[in-house]
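Visitor: I should be grateful for a close look at a single part of this structure, followed by an account of how that part sits in the whole.

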Amino acid sequence: MNELRVGIVGVGVMGADHAERIVRKTAGARLVAVSDPDLARAEDLGSRLDARVVADPLELIASNEVDAVILASPGFAHAEQLFACLEHGKPVLCEKPLTTDSTSSLEVVRQEAALGTPLIQVGFMRRFDPEYQQLKALIDGGELGQPLVMHCAHRNPTVPPGFDSAMVIKDSLVHEVDVTRFLLGEEIASVQIIKPMSNRDAPRGLQDPQIAIFQTVSGRHVDVEVFVTTGVAYEVRTEVVGELGSATIGLDIGLVRKSAPGTWGGRITPGFRERFGTAYDIEIQRWVDAVRSGVNVDGPTAWDGYAAAAVCEAGVRSLETGERVDVELAERVGTR
Ligand code: ISE
């Protein structure tokens, strides 16, 4: 295939970031069209990056000038846009969440399976991060022995206005849901959300931090501290404890500086774009290569998006009840 002509739906923070990435860093791809409900924002980006602005996202998806689509629109818009991509046979990289609930996610999985051709990749970018890749290789190579326990911390300095307690699960914890399934290679069987004393600086009504406990199908334990109003920096740590030892990633040990009078320190990552920039670069390049070669997907699938939605749904129920909630997964569709 010649250069892949990419259209981007939604050019807020993430979509604009991907637009720049396609133009400046990705081989074999060209940005041809952008769409956003904020027309001025789309026009500004379109004129800067020489891409056509299409007001209607469904028109962009259907356009003959667009070979493949990146969906970076809000989650509530994904279902309709994904169905349009399937209808027009367009490979699509969909930022998480696949959709906002497990019922519509499963419908997406089923419609894609009925086509017989994989078209959807979900933007769980951590799978492309070199540190997560290293950890995965260590686990798969047997060097830690059987993994038994995983401890995670997911901290954000701030979150946008309107971020509520359920979003801590669906927007933030969802990454650890995927990381757990990716690293341990199995489904999550149950979720419990524990609500510790809340940060006084968190917006009113926001339960922050939250502790999530997952039990996997084979009985492994995963705990996650999600704390999204730390006021400090972007910190994402993962420690896997196995029968033969443990391994930790996300320690931010770049340059360590020692200075007078007797202090030491370094830089902590300010945000997810800095922490996962390389992962996004690799993710998009591999997706472009996969679409150009006709494979379409090289990363998390629609099923992974559905499974994450089902786990988060159980998490939100546990947030409300305080009880451990079993995850209900439909029978696996397709082989991927
Ligand atoms: C945001 O949407 C992300 O995906 C970030 O990676 C995550 O750390 C943050 O909590 C989310 O709100």
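Guide: Strands S9 (residues 210-216) and S10 run antiparallel and are joined by six bridges. Within this pairing, Gln210 has Val226 of S10 as its bridge partner. The two strands make up a hairpin, with four residues lying between S9 and S10. One residue of the turn, Gly219, has a positive phi of about 100°. These details come from a predicted model.

Strand S10 has a further partner in strand S7 (residues 147-155), and here the pairing is parallel, with seven bridges. In this pairing, Cys152 is placed opposite Val224 of S10. The surroundings of S10 (residues 221-227) can also be described by burial, for which the cut-off is under 20% relative accessible area. Five of the seven residues of S10 are buried, and the strand is therefore largely enclosed by the rest of the structure.

From the strands the account may pass to the ligand. The shell around the ligand consists of Lys96, Met125, His154, Asn156, Phe163, Asp171, Ser172, His175, Tyr234 and Phe272. By class, these shell residues comprise four nonpolar, four polar and two charged. Helix H7 (residues 165-184) supplies the largest share of the shell, namely three residues. Three side chains may be singled out for their distances to oxygen atoms of the ligand. For His154, a polar side-chain atom is 2.6 Å from a ligand oxygen. For Ser172, the distance from a polar side-chain atom to an oxygen atom of the ligand is likewise given as 2.6 Å. In the case of Tyr234, an N or O atom of the side chain lies 2.7 Å from an oxygen atom of the ligand. Taken on its own, the ligand has 300 Å² of accessible area, and the protein covers 87% of this.

A separate group of strands also deserves description. Six strands, in the order S3-S2-S1-S4-S5-S6, form an open sheet with parallel pairing. At the edges stand strand S3 (52-53) and strand S6 (120-122); each has a single partner strand, so one side of each is left without a neighbour in the sheet. For S6, the pairing with strand S5 (residues 92-94) is parallel and extends over three bridges. There, Leu93 has Gln121 in S6 as its bridge partner.

One loop residue may be added. Phe276 lies in the loop between helix H8 (272-275) and helix H9 (277-292). Its relative accessibility is 0%, and Phe276 therefore counts as buried. Between the C-alpha atoms of Phe276 and Val108 there is a separation of 27 Å, the two residues being 168 residues apart along the chain.

Finally, the chain as a whole. Its secondary structure amounts to 10 helices and 15 strands. The radius of gyration is 20 Å, close to the 20 Å that the globule rule gives for 336 residues, so the chain is as compact as a globular protein of that length. Taken along the principal axes, the C-alpha atoms fill a box of roughly 55 × 55 × 45 Å. Of the 336 residues in the chain, 54% are buried.

Definitions and conventions:
Residues numbered from 1 in each chain as written. Predicted model: local features only at pLDDT ≥ 70, side-chain atom pairs only at ≥ 80, totals over all residues. Heavy atoms only, no water. Near = heavy atom within 4 Å. Polar contact = N/O pair within 3.5 Å; in protein donor to acceptor, adjacent residues only side chain to side chain. Areas by Shrake-Rupley, 256 points an atom, 1.4 Å probe, with all protein chains shown as cover. Nonpolar A, V, L, I, M, F, W, Y, C, P; charged D, E, K, R; others polar. Buried < 20%, exposed > 50% of the residue type's maximum accessible area, 1.4 Å probe, protein only. Pairing = 2+ DSSP bridges. Rg over C-alpha atoms; globule rule 2.2 N^0.38 Å.
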